[in-house]
Amino acid sequence: MYKNRAVSVPYLLWAVLFIVVPLGLVLYFALTTRQGAFTLDNLSRVGEYSSVIMSSIWLSVIATAICLLISYPLAFIMSRSTGNTQRTFMMLIMLPMWMNFLLRTYAWMTILEKNGLINQLLGKFGLGPLQMINTPGAVVLGMIYNYLPYMILPLYSTMIKIEKHLIEAAQDLGANTWVVLWRVVVPLSMPGITTGITMVFVPCISTFAISRMLGGGSSMLIGDLIELQFLGNTYNPNLGAAISLVLMVIILICMALMNMFDESEDKEAMLL
Amino acid sequence: MKQRNWLSRFYVGLVMFFLYAPIAVLIVYSFNANKSRGVWTGFTLKWYRQLFHNDIILQSLSNTLLIAVVSSILATILGTAAAIGIYSMRRRARAVVMNVTYLPIINPEIVTGVSLMLLFVMAGIDLGYLTLILAHITFNTPYVILNVMPKLRQMDKHIYEAALDLGCSPMQAFSKVIVPEIAPGVVSGLLMSFTFSLDDFIISYFVSSSTSQTLPITIYAMTRKKVSPEINALSTIIFVLVLTALIIVNIHGARQEKLEQKRYASFM
């Protein structure tokens with residue numbers, strides 16, 4: 001077995017300086033006043049924004065669930081196709097990721113607007129106009145549209161490892177489609193499911209641009225709150241750091257839940 | 001079985017429509033003579049002409065490309081070396097390092113952005129190109145590690161030893177056995193880094209200054225105020241460029257695979 005531990009030293013130094021130390025600073029700012037004295041005021045002030053936090057969690061959970069529902073069959077179909085088709089699918093999924101998500105969100109603004117594409121079409125049939133932009137639904141749609149590839153790709157990459165013969169063996173032994181799905185495909189693709197959920201849920205719950213572009217003033221999310229403390233008019237990095245800590249705790253809880261689901265499986269699969 | 005094929009084709013088509021319809025709308029409106037979105041009044045190319053005279057967009061575009069190229073290459077080198085090193089570690093050390101590596105991925109981007117902003121401000125480094133590149137390397141490297149690591153794990157542990165037994169020097173064995181095994185992971189890590197770097201708005205937003213704006217930050221500023229249709233023209237150009245690049249890469253990949261299959265067949 002090939003071994004060379006020394007080559008990781010530059011990265012280890014990098015990780016300490018740019019990952020560990022900055023997070024330590026967030027903790028420090030959250031627990032101090034502007035003058036640098038210890039306080040718990042910042043954390044207790046986060047409670048004032050509990051409705052924002054709850055609605056952020058709710059919208060992100062919905063978006064993540066819909067992403068999983070859309071992606072799972074798609075990733076399975078992709079993984080069972082021939083080499084060339086797989087390549088084309090991969091390309092088609094990756095392609096929108098290369099467009100900036102602000103452009104993609106902006107496209108939805110054009111579509112959902114009061115005199116946007118959908119309302120114009122509805123108008124041709126004498127319907128509408130519907131209020132679509134500046135609603136929580138528009139924010140969820142924006143989340144799904146932007147982060148769908150992040151669900152498809154990890155699912156696909158675990159599913160191509162599921163051997164065709166395994167599914168055939170299950171079928172030969174009398175399993176119907178649902179049994180094959182639940183007893184063979186889902187357990188084997190569990191690492192992809194948990195990775196996909198994390199990769200979609202995290203950017204959803206921390207977004208601030210999507211909510212501002214598609215939600216208008218209607219739905220303020222945790223991300224908007226943090227951004228306001230650091231770059232907005234209400235400059236208060238200490239409160240912003242405290243809200244960031246809360247956001248991290250929410251993510252950690254999500255991760256712990258994912259770990260529980262994955263427990264029956266190879267534990268290392270989650271780590272790597 | 002045929003019916004199922006038809007169904008899955010329909011489903012794939014539906015998802016593709018969902019993914020591409022908004023992009024198609026952007027492209028169509030980039031040729032729209034009317035400035036307001038939603039109303040079509042005729043074909044024009046004036047937004048493309050204006051785009052090439054808009055200094056803010058052009059400057060931020062070159063900033064974005066510079067930062068993406070530099071940071072993805074550096075992250076790939078740093079991350080590939082890290083993956084090999086971490087793979088060689090003992091179980092407990094590996095778990096600790098991997099948990100730290102996971103932090104920028106698990107952490108919401110906004111927290112990473114805010115924490116780096118605090119670091120740079122506390123260290124007295126002016127926000128600008130340097131902080132952008134440092135930040136981009138930081139969030140890209142974990143993705144490189146995660147792409148290379150599975151390749152190392154999937155590799156047969158004994159082929160390196162077999163290469164040594166058959167008379168390779170350690171350097172030869174590394175380049176002839178390990179490198180081909182991990183190469184697909186390194187390449188996908190590089191591509192992923194480059195994509196994320198181009199695409200990144202949230203972290204860049206917190207660690208850039210008004211003189212070092214990347215394209216996404218410029219776009220965000222434009223969508224906040226009065227929207228300029230030049231953005232539509234720009235996305236059309238980006239889309240066409242990326243499409244061309246991906247098609248070339250794919251055709252190349254398909255050819256390569258065929259060649260390998262032929263070689264394998266003749267070897268058998």
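**Exercise 1. Work out which residues of α4(A) sit on the face turned away from its buried side, and which make up that buried side.**

Start with the outward face: the exposed residues there are A:G83 and A:N84. Exposed means 12 or fewer other C-beta atoms within 10 Å of the residue's own, buried means 20 or more, and partly exposed is in between, with C-beta atoms placed from the backbone. Next, the buried set: A:F89, A:I93, A:P96 and A:M97. These cover an arc of only 125° around the axis, so they are on the same side of α4(A). The arc is that of the directions from the helix axis to the C-beta atoms.

A quick note on the ground rules. This is a predicted model, where local features need pLDDT of at least 70 and side-chain atom pairs count only at pLDDT 80 or more, while totals for chains, interfaces and linings use all residues. Residues are numbered from 1 along each chain as its sequence is written, and chains are lettered from A and ligands numbered from 1 in the order in which they are written.

**Exercise 2. Check the length of helix α4 of chain A against its expected span.**

Helix α4 covers residues 83–98, which is 16 residues. The expected span is 1.5 Å times one less than the number of residues, giving 22 Å here. The end C-alpha atoms are 23 Å apart, which agrees.

**Exercise 3. List the elements of each chain, then decide how spread out chain B is.**

Chain A has 14 helices and zero strands, while chain B has eleven helices and zero strands. Both kinds of element are DSSP runs numbered from the N terminus: helices are H or I with at least four residues, strands E with at least two. For chain B, the radius of gyration (over C-alpha atoms) is 23 Å. The globule rule, 2.2 Å times the number of residues to the power 0.38, gives 18 Å for 268 residues, so chain B is more spread out than a compact globule. Its C-alpha trace spans about 75 × 60 × 35 Å along the principal axes, and 39% of its residues count as buried.

For chain A, the trace spans about 70 × 70 × 30 Å, and buried residues make up 43% of its 272 residues.

**Exercise 4. Place B:F239 and find what it touches.**

B:F239 is in helix α11 of chain B. It counts as buried because it has 21 C-beta neighbours inside 10 Å. Leaving out residues up to four places away in sequence, B:F239 touches A:M99, B:I23 and B:I27. Contact here means C-beta atoms, placed from the backbone, within 7 Å. B:F239 and B:I27 are 212 residues apart along the chain, yet their C-alpha atoms are separated by 8.8 Å.

**Exercise 5. Describe the interface and the confidence behind it.**

Count the residues: 72 of chain B are in contact with 73 of chain A. Chain B's side splits into 52 nonpolar, 14 polar and six charged. Nonpolar covers Ala, Val, Leu, Ile, Met, Phe, Trp, Tyr, Cys and Pro; charged covers Asp, Glu, Lys and Arg; the others, Gly among them, are polar.

Now confidence: the predictor gives the complex an ipTM of 0.85 and a pTM of 0.82. Chain B averages a pLDDT (the predictor's confidence in each residue, from 0 to 100) of 88, and 95% of its residues score at least 70. Among the elements of chain B, helix α11 has the lowest mean, 81, and helix α6 the highest, 95.

Notes:
Contact = placed C-beta atoms within 7 Å.
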